[in-house]
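Here are my notes on the model you sent, set out as numbered points. Please read them with the structure open.

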Amino acid sequence: MQIEEIEGAQIRQSEHLRPLIEQCRPIVIRGICRDWPIVSLAQGSGNGAALDHLRRYHRGGSVDYFVADAKLGGRYAYGEGPDGFNFARQRSEMGAALDRIAANADDGAQTCYIGSLPVDTYFPGFAEDHGCALLPPTVRPRLWIGNASDIACHYDSFDNLAIAVAGRRHFTLYPPDAIGDLYVGPIDHTMAGQPVSLAAIDPGGQDRFPRFEAAAQRRLHVDLNPGDALYLPKLWWHGVKARDGINILTNYWWDASAAGPDSPYAAMLLAMIAIAERPEPERAAWRAFFDHYVFRPDGHPLAHLPAERHGILGPLKEGNYRRIRALVMRMLRGG
């Protein structure tokens, strides 16, 4: 598979993005945000100037961030530390954390990384001055700020539009169905909330991870310069390298296909406790039912009946989402 690339001038409104999202494939959008003030500063005056510009929006508050020895090259991963990681988590006032990132870029003693910062909380006004017309205003951005880093390969359960603001970014992508070849770590002991690929952290471990070669043959690579964006559909695995001494990225998470508040990930966790340890023949039976009612490879399960007789299997937007949800809630309460 080749990653599709388009120019930002070709896609300026949300209705232009929708047909691309429905393909469920990564898409690079070149230069979509090159006119942002902070991107222009990064390109003209350097990444330090972009970081100084970001400070203008900061209004106080503390933040948790990663700190690691520079010899690790910003490769935050599992390790021998007291909590099982090769880095430390520290808490600091935001201004001091930004100072430390700037100092690291000069002296190189350590690397720091601050991730997933809600812009409206930490940098109010930034989103208004750096808008993205591709998404509705209710989808709010987050910022990722740090020194050179190599973030472990993980997935998101939301659609993701990632925009390089300052510094170059390299993404290594694997499709969702590579999960079995990636040797995924625990889902409840993670570096930053999401499970990661142990094999991609240690790609030299062929003896430990023999199936990883199958994933490696399918991986894709993307380089972003400031102002470029990458759309990542849900569940695509991605490792991210920030290549420069100071790097800033903003991203937007949203569920482009949601019919209501319930997430597919929550449904998967419930299915795990309800099905995963049943006998294999029973799991096979439930797999057939999931295919028939949920994944629908042969079309709608009641296609042989008139639409008016589909009951709660009719379109979700016609009230059936609420009806099914109420039924599920009663069942979970034991009613």
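1. Strand 8 and strand 11 (residues 229-232) run antiparallel and are joined by 4 bridges. Within this pair, asparagine 160 stands opposite leucine 232 of strand 11. The model is a predicted one, which applies to every point below.

2. The pairing of strands 8 and 11 belongs to an open sheet of 9 strands with mixed pairing, in the order 1-2-11-8-13-6-5-3-4. Its edges are strand 1 (4-7) and strand 4 (88-93); each has a single partner strand, so one side of each lacks a neighbour in the sheet. From one strand to the next the twist averages 25 degrees.

3. At the strand 4 end of that order, two antiparallel pairings can be followed residue by residue. Strand 3 is joined to strand 4 by 6 bridges, and valine 67 has alanine 88 of strand 4 as its bridge partner. Strand 3 also pairs with strand 5, in the antiparallel sense, over 4 bridges; here alanine 68 stands opposite threonine 111 of strand 5. As a general point, side chains in a regular strand alternate between the two faces of the sheet.

4. Helix 4 (residues 94-107) lies across strand 3, strand 4, strand 5 and strand 6 (141-146). With strand 5 the helix makes an angle of about 140 degrees.

5. A separate entry is needed for the open sheet of 4 strands, which is antiparallel and has the order 7-12-9-10. Strand 7 and strand 10 (220-224) are at its edges with a single partner strand each, so one side of each is left without a neighbour in the sheet. Neighbouring strands of this sheet are turned by 15 degrees against each other on average, direction ignored. Strand 7 runs antiparallel to strand 12, and 4 bridges join the two. Isoleucine 151 stands opposite valine 240 of strand 12.

6. Which residues come closest to the centre of the second largest pocket? The pocket holds about 650 Å³ of space. Of its 29 lining residues, Tyr113, Trp144, Ile151, His154 and Ala192 are the closest to the centre. Elements that give two or more residues to the lining include strand 3 (62-69), strand 5 (110-118), strand 7 (149-154) and strand 8 (159-166). Strand 9 (169-174), strand 12 (237-242) and strand 13 (247-254) are also among them. By class, 16 of the lining residues are nonpolar, 9 are polar and 4 are charged.

7. Two backbone angles should be checked in the viewer. Cysteine 24 is not a glycine, yet has a positive phi of about 55 degrees; this cysteine 24 is placed in the loop between helix 1 (14-21) and strand 2 (27-30). Serine 116, also a residue other than glycine, has a positive phi near 55 degrees. Serine 116 is placed in strand 5.

8. On the chain as a whole: there are 11 helices and 13 strands. The radius of gyration is 22 Å, close to the 20 Å that the globule rule gives for 335 residues, so the chain is as compact as a globular protein of that length. Along its principal axes the C-alpha trace spans about 70 × 50 × 40 Å.

Methods:
Residues numbered from 1 in each chain as written. Predicted model: local features only at pLDDT ≥ 70, side-chain atom pairs only at ≥ 80, totals over all residues. Heavy atoms only, no water. 1 Å grid on protein atoms, 1.4 Å probe; cavity = no way out; pocket = protein on both sides within 12 Å on 5 of 7 lines; lining within 4 Å. Points joined across faces, edges and corners; volume = space filled by probe spheres on them. Nonpolar A, V, L, I, M, F, W, Y, C, P; charged D, E, K, R; others polar. Pairing = 2+ DSSP bridges. Axes fitted to C-alpha atoms, helices over the stretch in contact; angles between N-to-C directions. Contact = heavy atoms within 4.5 Å. Rg over C-alpha atoms; globule rule 2.2 N^0.38 Å.
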